[in-house]
Amino acid sequence: MSAFGPYITKIRSAASSAELDALELEIFSRKHGVLTVAMKDMGSLPPSEKISRGQELNRWKHDLTEALAWRRKELSSLVMGELASGDKLDVTLELPPQESGHLHPIPEFIRQVEEVFGRMGFEIAEGPEVESEQFNFNDLNIPESHPARDAQDTFWLAGYESENDPSRRLLLRTHTSNVQIRYMKTRKPPMRIICPGRVYRKDSDATHSPMFHQFEGLMVGAGVSLANMKAVMMSAIRELIAPDIDFRFRTGFFPFVEPGLEMDLRWRGDENESREGRWMEVAGCGMTHPNVLRNCGIDPDKWQGFAFGFGVERMIMIKLQIPDLRSLYRGDLRFLRQF
Ligand code: PHE
């Protein structure tokens with residue numbers, strides 16, 4: 001009935017929001033919009049017609065505005081629907097690889113060690129890397145003549161020769177067994193500790209590094225036995241490396257244990273690659289020597305203990321099948337990203 005009816009039809013059939021924009025301008029633009037112009041023209045009408053024309057135009061304004069808003073909504077949901085139908089969700093599709101970082105294998109392994117032994121009731125203990133001869137050797141019943149004291153193996157700190165007191169002769173600890181001493185001297189049994197940390201020896205090849213990591217274990221209590229030690233070590237390596245890991249105990253000598261044992265794990269790398277008959281030593285262990293208990297003020301007639309010291313890098317070599325332990329220190333991301 002009016003000039004505006006066809007606009008409603010046009011709006012309803014508009015195919016895009018750009019088309020709607022154009023129609024909106026055509027109708028409502030401030031200077032030339034058809035409705036704007038019709039409103040202006042109203043001024044020249046006789047007052048009797050003005051009112052009804054005004055009401056009529058207002059209704060159109062309302063209807064047109066509403067039609068525009070509706071069509072806009074319709075169009076956008078149409079667009080969404082099209083997107084959704086052309087872009088079906090494939091839940092089996094692999095996501096693009098995400099760059100997320102992870103810990104280096106050494107701290108990662110030490111975390112696992114702390115967790116596994118923590119569950120067996122072992123407390124984490126730490127000691128200094130710069131240690132005295134007293135705690136690194138003497139209190140561990142390591143006699144002056146022991147080859148571990150040889151200047152070939154130990155990094156001594158400058159000025160050690162001029163000191164006579166072994167508690168003032170400083171070195172880089174050669175093992176984590178110093179923590180046993182420090183702990184036993186200040187606590188009373190029963191005790192169960194695990195002591196991860198860095199140690200230093202003058203050694204370097206595919207299975208040795210001048211700085212490496214160990215974790216020491218110590219348990220002292222009434223009636224603690226070698227069987228307890230084996231059970232603890234076995235259940236730990238099964239959890240830390242693999243449930244079916246092959247291991248063996250051999251007798252070994254360490255002045256601070258009696259009897260002393262060494263634990264080997266079977267190398268799980270390439271079948272064709274022989275490494276020391278495919279057995280690799282990963283730990284020294286044994287029953288704490290009575291002299292060591294005495295040195296720490298613990299009565300060996302009342303208390304027994306066992307101790308072990310594992311080499312972290314060697315366990316990682318076996319777990320991750322790394323042929324050369326030095327690759328753990330090179331910081332080469334192509335290597336580290338494999339784990
Ligand atoms: N401290 C010894 C080493 O570094 C390992 C060890 C620890 C042996 C505890 C026996 C008991 O070789």
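Let me start with the side chain of R173, which makes a polar contact with the side chain of N178 at 3.4 Å, and please keep in mind throughout that the model we are looking at is a predicted one. R173 sits in the loop between β3, residues 170-172, and α7, residues 177-186. What is the nearest side chain of opposite charge to R173, and how far away is it? That side chain is E129, at 4.8 Å, and R173 is buried yet has no salt bridge. A salt bridge needs a side-chain nitrogen of Lys or Arg within 4 Å of a carboxyl oxygen of Asp or Glu, which means that the 4.8 Å to E129 does not qualify. If we set aside residues up to four places away in sequence, R173 touches a list of residues that includes G127, P128, E129, N178, V179 and Y200.

Now let us turn to another arginine, R71, which is placed in helix α4, residues 47-86. Is R71 buried or exposed? R71 has a relative accessible area of 13%, and because buried means under 20%, R71 counts as buried. Its side chain reaches the backbone oxygen of A14 at 2.8 Å, and a polar contact of 2.7 Å joins the side chains of R71 and E74. Leaving out neighbours within four places in sequence, R71 is in contact with I11, R12, S13, A14 and L20.

Next comes the largest pocket, which has a volume of about 840 Å³. Of the 39 residues that line this pocket, the closest to its centre are T174, R201, Q214, F254 and E281. Which helices and strands each supply at least two residues of the lining? They are α7, β5, β7, β8, β9 and α10, where β5 covers residues 211-221 and α10 covers residues 312-320.

I would like to stay with α10 for a moment, since that helix also appears in the lining of the largest pocket. Seven of the nine residues of α10 are buried, so this helix is largely enclosed by the rest of the structure. The buried ones are V312, E313, R314, M315, I316, M317 and I318, and the buried residues of α10 pack against α5, β5, α8, β7, β8 and β9.

After α10 comes Q321, whose phi is positive, near 55°, and Q321 is a residue other than glycine. Most residues other than glycine have a negative phi, and most peptide bonds are trans. Q321 lies in the loop between α10 and α11, residues 333-336, and with a relative accessible area of 42% it is partly exposed. N141, which is not a glycine, also has a positive phi, of about 65°. This residue is found in the loop between α6, residues 133-136, and β3, and at 23% relative accessibility N141 counts as partly exposed.

Let me finish with two peptide bonds. Where in the chain are they, and what is omega for the bond from P189 to P190? The peptide bond from P189 to P190 is cis, with omega near 0°, and P190 lies in the loop between α7 and β4, residues 191-200. The peptide bond from E258 to P259 is cis as well, with omega near -5°, and here P259 lies in strand β7, a strand that we have already met in the lining of the largest pocket and among the elements against which the buried residues of α10 pack.

How values were computed: Residues are numbered from 1 along each chain as its sequence is written. This is a predicted model: local features need pLDDT of at least 70, side-chain atom pairs count only at pLDDT 80 or more; totals for chains, interfaces and linings use all residues. Side-chain values use heavy atoms; hydrogens and water are left out. Helices (H or I, at least four residues) and strands (E, at least two) are DSSP runs, numbered from the N terminus. Buried means under 20% relative accessible area, exposed over 50%, partly exposed in between (1.4 Å probe, protein chains only). Lys and Arg count as positive and Asp and Glu as negative; His and the chain ends are not counted. A polar contact is a pair of N or O atoms within 3.5 Å; within protein, one must be able to donate a hydrogen and the other to accept it, and residues adjacent in sequence count only if both atoms are side-chain atoms. Contact means heavy atoms within 4.5 Å. On a 1 Å grid over the protein atoms alone, a cavity is a set of points where a 1.4 Å probe fits but cannot get out, and a pocket is an open set with protein on both sides within 12 Å along at least five of seven lines; lining residues have an atom within 4 Å of a point. Grid points are joined across faces, edges and corners, and a volume is the space filled by probe spheres set on the points.
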